[in-house]
Structure formats: structure tokens, C-alpha cells
Amino acid sequence: MRVKRILATLSSCLLLLSSNCLTAFAEVALPDGAVKGLPEKLTAMDSDGNAVSSDTGEYFFRVEDMQHGVAYTKDVQLMNLRDDKAYHIYFYVEPLFKNGDIDLEKGCECTFWLDGQEFYKGTVTGNGNFDLTKEVYDCGLYEPGDSHTLKCSVIWNDLDVLTNVDNGHRLIDRDGEHVLVGPNDSGYVKGEIEFKWIFCAAVDEDYDPPKTGLFAAGDTFWIYAVAVFAALAGGMLLLIFFKKREEKKEDTNEA
């Protein structure tokens, strides 16, 4: 019997045409004022330097040659680099397709955290403790200079999601790797799934940016300070005027 190591790929390449497409989902209803994509100076970038598309809001989680039992993680830093506006940032999941002998949609577990607080656990395609394909998740309010971390972990933890495998015979080799007989005694099984995250943002109309400039420290204080300064300056000008007029009179009398 021929046996080989399980090979699986969890990829995020955009492939819209496939005979095994996932069920189509209706367009997600975005919060009031929110649009797909991120405005200028509102950024999202993962730990590998891959940025969310500012135009479409799309982000792809890509893993190749995925191994069973290994957790693959991404940290996405969400930042507001503007100094005049605050935004809410949202995201949701859009499944694309799956294919192969390993059903990675059922076999993988996905977990999301925001600043260390877990808020989602379920499939990579968004079906979990709530439906990320139908509900957007609010990643919080981002005032100027604010930054938060969205963390995702994906792990293939279920081996009982195999199709087209002759007998499901499993062994452990000396490296501890699971091995199976593939379809038609090929000794090779694989799986592939594609999905993407969509980020969107909405400006917070209630945000009042801090005042800068002369009156930033308190309007009343600065108004009084300017008034006192003006009064002092006016008094000095009057003193100079009267002094010059007195000197002019003395010069006239001497003449």
C-alpha cells in the first residue's frame, strides 16, 4: 500500500470561477455612513507588511502547504493617522470557493481577537458564534493617533474531513506526520479554500477634534490675557504720547 504525507493548501488567491464554489451570499448590509475601503491615512497592515486595499477594503489570509495541528496567525494593525477625524472600522468575511480531498472549511478552526479579547470562533468562512458573512464586526472607534490590533489564528485540527480517500487509513511516521492513501491509491490528498476579509469605515460625525493654536488652552483665559495685554500696550502708548507732548511744551518755553 502506498502512503504519503498529507499535503494541504489554504490559499487566498482570487478565483471566481470554480465547479465547487461556496454558496453565494447576499451583499452585507453596511452600517450607516460606512463604505468599503479605508479613507486616506486610515490604514490596516499585517505583521508581514501586507496592507488592506484602501480602495476595496480587501485583505487575503494566505497559507501554503498547511500542516495539520499547526496554528497560523496574523496580526493586523489598525491605525488612524489623521489628526482631524475619528472613524469606526468594521470588517466581515466573504467566502470564495473550496476544492480538493480535504474539506478545509469544516476541518479548520478560526479565532479572532481584538486587543487580546476573543470575539469570534468558528470556520474560516465566517460561520461561528455569529455569522461574519452577514454581520459586520465593529473594531471600535479610532480617534486621531489611535491604534488597535486585530489578531487571527487558523488551525487545521480535524482529520475526519476527507473525501475521495480509499480507506482513510492513517499512520504515524517517524517524524510524527499523519499519512494517508489518496484517491485511486495515489498517496496524495490535498485541499484548498479561498476567502477574503472586507474592511470598511465610517466617519464619526459626533467627534469634536481638539482645538489647536492660540486659544487651545482655554478660550476665556486667553481672551482675558489678550485684553490685559491690549490694555497695557494702550497705556504705554498713552504714557509715551503724554511724555512727548510734555517735552515739546518744555522746548517751546525755552525758545
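**How the terms apply to Phe 91 and its surroundings**

Colleague: Why is Phe 91 called buried?

Modeller: Phe 91 has a relative accessible area of 0%, and buried means under 20%, while exposed means over 50% and partly exposed lies in between, with a 1.4 Å probe and protein chains only, so the label buried applies to Phe 91. This is a predicted model, in which local features need pLDDT of at least 70 and side-chain atom pairs count only at pLDDT 80 or more, whereas totals for chains, interfaces and linings use all residues. Residues are numbered from 1 along each chain as its sequence is written, and side-chain values use heavy atoms, with hydrogens and water left out.

Colleague: What makes Phe 91 and Tyr 137 an aromatic pair, and which kind of pair is it?

Modeller: Rings of Phe, Tyr and Trp (for Trp, the six-membered ring) pair if their centres lie within 6.5 Å, and planes under 30 degrees apart count as stacked, over 60 as edge-to-face and the rest as tilted. For Phe 91 and Tyr 137 the centres are 6.4 Å apart and the planes make 75 degrees, so the pair meets the distance rule and is edge-to-face.

Colleague: Which parts of the chain does this pair link?

Modeller: The pair links distant parts of the chain, with Phe 91 in strand 8 (residues 87-100) and Tyr 137 in strand 11 (residues 137-142), 46 residues apart. Strands here are DSSP runs of E with at least two residues, helices are runs of H or I with at least four, and both are numbered from the N terminus. By the ring rule there are 12 aromatic pairs, and one aromatic cluster includes Phe 91, Phe 112, Tyr 137 and Trp 197.

Colleague: Which residues touch the most other members of the largest nonpolar core, and what makes it a core?

Modeller: A nonpolar core is a set of buried Ala, Val, Leu, Ile, Met, Phe, Trp, Tyr and Cys residues joined through side-chain atoms within 4.5 Å. The largest has 37 residues, and Leu 78, Phe 91, Phe 112, Leu 150, Trp 197 and Phe 199 touch the most other members. Strand 15 (residues 191-203) gives the most to this core, with 5 residues. A second, separate core of 8 residues includes Tyr 90 and Ile 198.

Colleague: How do you know that strand 7 and strand 12 pair, and in which direction do they run?

Modeller: Two strands pair if DSSP finds at least two bridges between them, and 9 bridges join strand 7 to strand 12 (residues 147-156), so the two strands pair. They run antiparallel, and Tyr 72 has Val 154 in strand 12 as its bridge partner. The open sheet has 5 strands in the order 4-7-12-9-10, with antiparallel pairing. Strand 4 and strand 10 are called edge strands, as each pairs on one side only.

Colleague: Which residues form the covered face of strand 7 (residues 71-80)?

Modeller: The covered face holds Tyr 72, Lys 74, Val 76, Leu 78 and Asn 80, while Ala 71, Thr 73, Asp 75, Gln 77 and Met 79 form the uncovered one. In a regular strand the side chains alternate between the two faces of the sheet.

Colleague: Why is Lys 41 called partly exposed?

Modeller: Lys 41 has 48% relative accessibility, a value between the cut-offs for buried and exposed, and therefore counts as partly exposed. Lys 41 is found in the loop between strand 3 and strand 4, and its phi is near 70 degrees, a positive value in a residue other than glycine.
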